[in-house]
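Please open the model in your viewer and keep the selection panel at hand. The stops below go from one helix to a loop residue and then to the whole chain.

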Amino acid sequence: MIVRATEILKAIQKLNPAEKHRLREYLIDALTASSSTGTVLHEISERKNKNGYECPDCTSEHIVRFGKYTTIVDGEEVKKQRYRCKACKKTFTDLTNTVLYRTRHLNQWIKFIECMIEGYSLRKSANLIGNITHVTLFYWRHKLLSSLKKMEIPNFEGIVEMDETYFLYSEKGQRKIKGRKPRKRGGSAKKRGISNEQVCVLVARDRDKTTFSQILGMGRLTKDQLDKAIGHRLSSENILCTDSWRAFKTYAAEKGMDIYQFKSDGKIRTKGLYHIQNVNNYHRRLKGWMQRFNGVATKYLNNYLTWFQVLESIHHQRNEVTMNDLIIKGNLVQNSETYDTLRLNKFAV
């Protein structure tokens, strides 16, 4: 029986919104899964070796081809190149010490990146992907984010808005917590206002949307923390727009920078071109996005800040270009993290 395209289109029009959504999801999966993984692996190899081969262990450039190994791509066995370093005699591949190193399900990464863009939980992602546990996806998530976190951002240009925001210190996932009872769904602080129970996160953005977001410490922001974290990305030509916290004013005075400060009461929100509305809106979107996790362990908070920053840079768009780009960028950075190093690491500033 031959079904014409016009008949298919008429049938689609009769579907209700939920059925159309399921059909769209199915078509996206069917069209992207068949070709994306192979394209990504080829792109990683070309971009990683654009200046010639280099040993990931001793950085020697005296490299020779050393046979091939078999990997599974889109359900098929594919031969990939292996290399050997003539200096240290060790062998490696294009994926050695990357996010995809020793990953058995390369063809599932595209679907996992799609789930990350949607902000799905690990358990929901595991159900959608199939054949992979939420524990494995935890490792995938944080290994990718730890690589993206290492990527350098450009220096700020022109007007730079800066403001700090605070998250409650959390030991979520820790089995034995000392000094207090476990909290439920994030919980609340014992003390009012800003205290050492709060983790200080600085967000800085220029008008080109170049963004920096990172934990600086516990409690109130200090001038030294600000200089250490972001001083090398600023110059005396930048103009700062901040809230009224004195650390910003002291820092600007020492560096010879112009600064416009705005009080939190909101009575004066702009001074011509100068305001902190962009960074405050970023805070609002970040806090709203973080609520879905019901509290985040502080030792992973920088990873989540990177995750949201990446989503903002791609405008939360889930398509083949953005998904492939995230995997490629994440695998151009050296990454030797293991499940144990990620799980057992401690919070430190």
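Helices (H or I, at least four residues) and strands (E, at least two) are DSSP runs, numbered from the N terminus. This is a predicted model, in which local features need pLDDT of at least 70 and side-chain atom pairs count only at pLDDT 80 or more, whereas totals for chains, interfaces and linings use all residues. Residues are numbered from 1 along each chain as its sequence is written, and side-chain values use heavy atoms, with hydrogens and water left out.

Select glycine 256 to begin: this residue follows α8 and has a positive phi, near 70 degrees.

Next select α8 itself, residues 246-255, where Ala247, Phe248, Tyr251 and Ala252 are buried (under 20% relative accessible area, with exposed meaning over 50% and partly exposed in between, for a 1.4 Å probe and protein chains only). Seen down the axis of α8, these buried residues fall within an arc of 130 degrees, so they line one face of the helix; the arc is that of the directions from the helix axis to the C-beta atoms. On the other side of α8, Arg246, Lys249, Ala253 and Glu254 are exposed. To see what covers the buried residues, add the elements that include β4 (159-168), β5 (198-206), α7 (223-230), β7 (239-243) and β8 (258-262), contact being heavy atoms within 4.5 Å.

Then move to serine 170, in the loop between β4 and β5, which is buried with a relative accessible area of 14%.

Finally, select the whole protein chain, which has 12 helices and 10 strands, and of whose 349 residues 42% count as buried.
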